[in-house]
Amino acid sequence: MLEEKHKKAKVLAQEIGADEPMISKFANYKCLPIPVQMEKICESLDCQISDIYKDEEIYYKQAHKKPTKKA
């Protein structure tokens, strides 16, 4: 996606508040960005998560609140 958007990893890193080695890890599938970083990446690249990862490459888990105990 970086190449498609003609953006350097260093610039993306600055825009999302990360460092260039971390962007390299994301690009080379060594690790995945946390949700906040992913939102910033998509905003910076003007894309959706599905533009970066195929459905079978990532699993999205919806957060659930723990039930509260009633007294």
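A salt bridge here is a side-chain nitrogen of Lys or Arg lying within 4 Å of a carboxyl oxygen of Asp or Glu. Go through this model, which is a predicted one, with that rule in hand, and the count comes to 1 salt bridge. The partners are K7 and E15, whose side chains meet at 2.8 Å, N to O. E15 itself is partly exposed, with 44% relative accessible area.

Now step back and look at the whole fold. The protein has 4 helices and 0 strands, so its pattern along the sequence simply reads α-α-α-α. Of its 71 residues, 21% are buried. The surface it exposes comes to about 6300 Å², and carbon and sulfur atoms supply 51% of that. As for how the chain comes back on itself, take the contacts between residues at least 6 apart in sequence: 38% of them join residues at least 24 apart.

Let's start the tour at α1. Its buried residues are L12, A13 and I16. Viewed down the helix axis they fall within an arc of 100 degrees, so they line one face of α1. What sits over that face? The cover for the buried residues of α1 includes α2 and α3. Once α1 is done, G17 follows with a positive phi of about 80 degrees.

L12 is a good residue to click on in this helix. With a relative accessible area of 3%, L12 counts as buried because the cut-off is under 20%. Leaving out residues up to four places away in sequence, L12 touches L2, K7, I23, I41, S44 and L45. K7 may ring a bell, since that is the lysine that pairs with E15 in the salt bridge. I41, S44 and L45, for their part, are among the buried residues of α3. For a sense of the distances involved, try L12 and K40: they are 28 residues apart in sequence, and their C-alpha atoms are 9.2 Å apart in space.

That brings us to α3, which runs over residues 35-45 and buries Q37, M38, I41, C42, S44 and L45. Those residues cover an arc of only 165 degrees around the axis, which puts them on the same side of α3. Turn the helix around and, on the face away from the buried side, you meet the exposed residues P35, E39 and E43. Which helices help cover the buried side of α3? The cover includes α1 (9-16), α2 (20-27) and α4 (49-52).

Zoom in on C42, which belongs to helix α3. C42 counts as buried at 9% relative accessibility. Setting aside residues up to four places away in sequence, its contacts are C47, Q48, I49 and I52. I49 and I52 fall in the stretch 49-52, that is, in α4. C42 can also be paired with I16 of α1: the two are 26 residues apart in sequence, and 9.8 Å apart from C-alpha to C-alpha.

The loops around α3 have some backbone quirks to check. Ahead of α3, in the loop between α2 and α3, you'll find Y29. Its phi is near 60 degrees, a positive value in a residue other than glycine. On the other side of α3, in the loop between α3 and α4, comes D46. D46 also has a positive phi, about 50 degrees, although it is not a glycine. This residue sits just after α3, and with a relative accessible area of 64% D46 is exposed.

Last stop: the open space. Rolling a probe the size of a water molecule over the atoms shows where empty space is left. How much space lies in the largest pocket? About 280 Å³. The lining is made by 13 residues, and M1, F26, A27, I52 and Y53 are the ones that lie nearest the centre of the pocket. The elements that give two or more residues to this lining are α2 and α3. I52 is worth a second look here, as it is also one of the residues that C42 touches.

Note on methods
Residues numbered from 1 in each chain as written. Predicted model: local features only at pLDDT ≥ 70, side-chain atom pairs only at ≥ 80, totals over all residues. Heavy atoms only, no water. Buried < 20%, exposed > 50% of the residue type's maximum accessible area, 1.4 Å probe, protein only. Arc of directions from axis to C-beta. Contact = heavy atoms within 4.5 Å. Areas by Shrake-Rupley, 256 points an atom, 1.4 Å probe, with all protein chains shown as cover. 1 Å grid on protein atoms, 1.4 Å probe; cavity = no way out; pocket = protein on both sides within 12 Å on 5 of 7 lines; lining within 4 Å. Points joined across faces, edges and corners; volume = space filled by probe spheres on them.
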